[in-house]
Amino acid sequence: MSASLTSLAYLVAAILFIQALRGLSNPETSRRGNALGVAGMVIAVAATLAHSGMSLTGYLLIVLGILIGGSIGTFIALRIKMTALPQLVAAFHSLVGLAAVFVGAAALNAPEAFNIGTAGHVHTQSLVEMSVGLAIGAITFTGSIIAFAKLQALMKGTPISFPYQRLLNGVLGIVLLLLIITFVVTGNQAVFWIVAVLSFALGVLIIIPIGGADMPVVISFLNSLSGWAACGIGFTIQNLALIITGALVGASGAILSYIMCTAMNRSIIHVLLGGFGAESGAGPAGGAAQGDRSVRSGNADDAAFILKNASKVIIVPGYGMAVAQAQHALREMADTLKKEGVEVKYAIHPVAGRMPGHMNVLLAEANVPYEDVFELEQINNEFGTADVAYVIGANDVTNPAAKTDPSSPIYGMPILDVEKARTVLFVKRSMATGYSGVENELFYRPNTMMLFGDAKKMTEAIVKALNG
């Protein structure tokens, strides 16, 4: 294929990628967006292979790689649980970063094959792009592995810190910058691998001090890094499709990271400095009092009575719903209430769950109508007119301490104003804290009734009571 036809194919692929992102911005068009993205990638890969002029052996190896990788991806996609999507995304980010490292190494060893120099010599401009793509890719790889391990509970989700950690990270960052300059000036392969090793180490050191509460932002940030790594390597090997795709992923991930940070009232620098967020801590058993504060607890029959006599109910899903796989039971409960003439809406906080959009995906899996699902800024002013706020597994995003306690780590974070509802039904296994490690004041409010137990079983029991 000629260079002009290849460029035209890349342009078509880029348009499809942009339309894919546009489609993914709305649940109703997300499937079409996915289809457009797949079509764009097929065109980009086909154009690259047609333009490469490789031998038959090269094509066979690529086809073999696609078959192996595609089979593994299909197997994982069919078996993955919805609750494990965040760690799956982190794992995929790591592969993108590692691919950038491998492509950079291949380009350095055979520059003539990529038209970026001759044997033993790479153009200076390509060395700059290569080193930047290498560093970002290596940091993305190990950082994503750590994020995966934290989300998969292979390592503790609490921040891991040690004395002078930030100073060490700063020094390593300066050393990395100096090594990149050295590599650009000399083109020395040994320096290339030193940059790679140091970047791998920085990826670990940057992510380990970040706690579980910040994982949604971390996932989004790593997504952005994987895009910029691909973009940098795209410049190195002069591949227009890789440049465009990487820039789209990098920019969209950066925008999403900003939105997530805004939703938590924090800066990305504050998040990356780490030290905030913890695993869910142990708490008193259901119904127990803590100090001079008492907790009002109820059962499924109590909840069913309150819900059946309500005129407006707002459901607030959280990670507890995801763990219990309660979304289908929740949909059944909502349908039952609607038949009784109750107005039912769903309220989603931007950082609910373990990754951006986690709750939206779970509700879509249960075929919850898109028109019933609202974001924080769309529905927050309606809690004051709601008879019931049914909180199922959401904790930190409903904690009034974010508005009332200046000493709280989550102070200033926009939350769902569920406490303004006439009655709050809070489904939770125990009095344990949320992923941020901050105790929820909502548990002790006089209008809150705690429903202790598994979210799915409790919701199913409520449905049974409603139909009883």
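**Exercise 1. Find which residues leucine 466 touches, leaving out those up to four places away in sequence, and place leucine 466 in the structure.**

*Solution.* Step 1: Leucine 466 touches Ala304, Lys308, Met333, Thr336 and Leu337, when residues up to four places away in sequence are not counted. Keep in mind that this is a predicted model.

Step 2: Look up the element. Leucine 466 belongs to helix H17, which spans residues 455-467.

Step 3: Check the distance to alanine 304. The C-alpha atoms of leucine 466 and alanine 304 are separated by 5.5 Å, although the two residues are 162 residues apart along the chain.

Step 4: Decide on burial. Leucine 466 has a relative accessibility of 5%, so it counts as buried, since the limit for buried is under 20%.

Step 5: Assign a core. Leu466 is included in a second, separate core of 38 residues, along with Leu307, Ala326 and Tyr346.

**Exercise 2. Work out the strand order of the open six-stranded sheet and which strands stand at its edges.**

*Solution.* Step 1: Read the order. The six strands follow one another as E5-E4-E3-E6-E7-E8, and the pairing is parallel.

Step 2: Find the edges. Strand E5 (373-375) and strand E8 (448-452) each have a single partner strand, so one side of each is left without a neighbour in the sheet.

Step 3: Add the twist, which averages 25° from one strand to the next.

Step 4: Look at individual pairings. Strand E6 (residues 388-392) and strand E7 (residues 423-428) run parallel and are joined by five bridges. Valine 388 stands opposite threonine 423 in E7. E7 and E8 also pair in the parallel sense, over five bridges, and here valine 427 has leucine 451 in E8 as its bridge partner.

Step 5: Place the helices. Helix H13 (residues 327-339) packs on the sheet, where it touches strand E3 (312-317), strand E4 (343-348) and E6, and its direction makes about 145° with that of E4. Helix H17 lies across E6, E7 and E8, running at about 145° to E6.

**Exercise 3. Strand E8 stands at an edge of the sheet. Is each of its faces covered or open?**

*Solution.* Step 1: Recall the pattern. In a regular strand, side chains alternate between the two faces of the sheet.

Step 2: Sort the residues by side. Thr448, Met450 and Phe452 are on one side of E8, with Met449 and Leu451 on the other.

Step 3: Check burial. All of these residues are buried, and both faces of E8 are covered.

Step 4: Conclude. Five of the five residues of E8 are buried, so the strand is largely enclosed by the rest of the structure.

**Exercise 4. Classify the ring pairs that phenylalanine 192 makes with phenylalanine 183 and with tryptophan 193.**

*Solution.* Step 1: Choose the two values to compare. A pair of aromatic rings is described by the distance of the centres and the angle of the planes. The structure holds five aromatic pairs.

Step 2: Take phenylalanine 183 and phenylalanine 192. Their pair has 5.7 Å from centre to centre and 55° between the planes, and is tilted.

Step 3: Take phenylalanine 192 and tryptophan 193. Their centres are 5.0 Å apart and their planes stand at 85°, so this pair is edge-to-face; the cut-off for that class is over 60 degrees.

Step 4: Join the results. Phe183, Phe192 and Trp193 form one aromatic cluster.

Step 5: Compare burial. Phenylalanine 183 and phenylalanine 192 are both buried, whereas tryptophan 193 is partly exposed, with a relative accessible area of 39%.

**Exercise 5. Describe the largest nonpolar core and the surroundings of valine 316.**

*Solution.* Step 1: Size the core. The largest nonpolar core has 77 residues, and those with the most contacts inside it are Met130, Val218, Val316, Phe383 and Val418.

Step 2: Find the main contributor. Helix H5 (residues 124-151) supplies the largest share of this core, nine residues.

Step 3: List partners. Beyond four places in sequence, the residues that valine 316 touches include Phe383, Tyr390, Leu416 and Val418.

**Exercise 6. Which sign does phi have at glutamine 325 and at asparagine 367?**

*Solution.* Step 1: Start from the usual case. Most residues other than glycine have a negative phi.

Step 2: Compare glutamine 325. Its phi is positive, about 55°, and glutamine 325 lies in the loop between helix H12 (319-324) and H13.

Step 3: Compare asparagine 367. Its phi is also positive, at about 60°, and asparagine 367 sits in the loop between helix H14 (358-365) and E5.

Step 4: Add accessibility. Glutamine 325 is partly exposed at 27%, while asparagine 367 is exposed at 58%.

Key
Residues are numbered from 1 along each chain as its sequence is written. This is a predicted model: local features need pLDDT of at least 70, side-chain atom pairs count only at pLDDT 80 or more; totals for chains, interfaces and linings use all residues. Side-chain values use heavy atoms; hydrogens and water are left out. Rings of Phe, Tyr and Trp (its six-membered ring) pair if their centres lie within 6.5 Å; planes under 30 degrees apart count as stacked, over 60 as edge-to-face and the rest as tilted. Buried means under 20% relative accessible area, exposed over 50%, partly exposed in between (1.4 Å probe, protein chains only). Two strands pair if DSSP finds at least two bridges between them. Helices (H or I, at least four residues) and strands (E, at least two) are DSSP runs, numbered from the N terminus. Axes are lines fitted to C-alpha atoms, for helices over the stretch in contact, and angles run from 0 to 180 degrees between N-to-C directions. Contact means heavy atoms within 4.5 Å. A nonpolar core is a set of buried Ala, Val, Leu, Ile, Met, Phe, Trp, Tyr and Cys residues joined through side-chain atoms within 4.5 Å.
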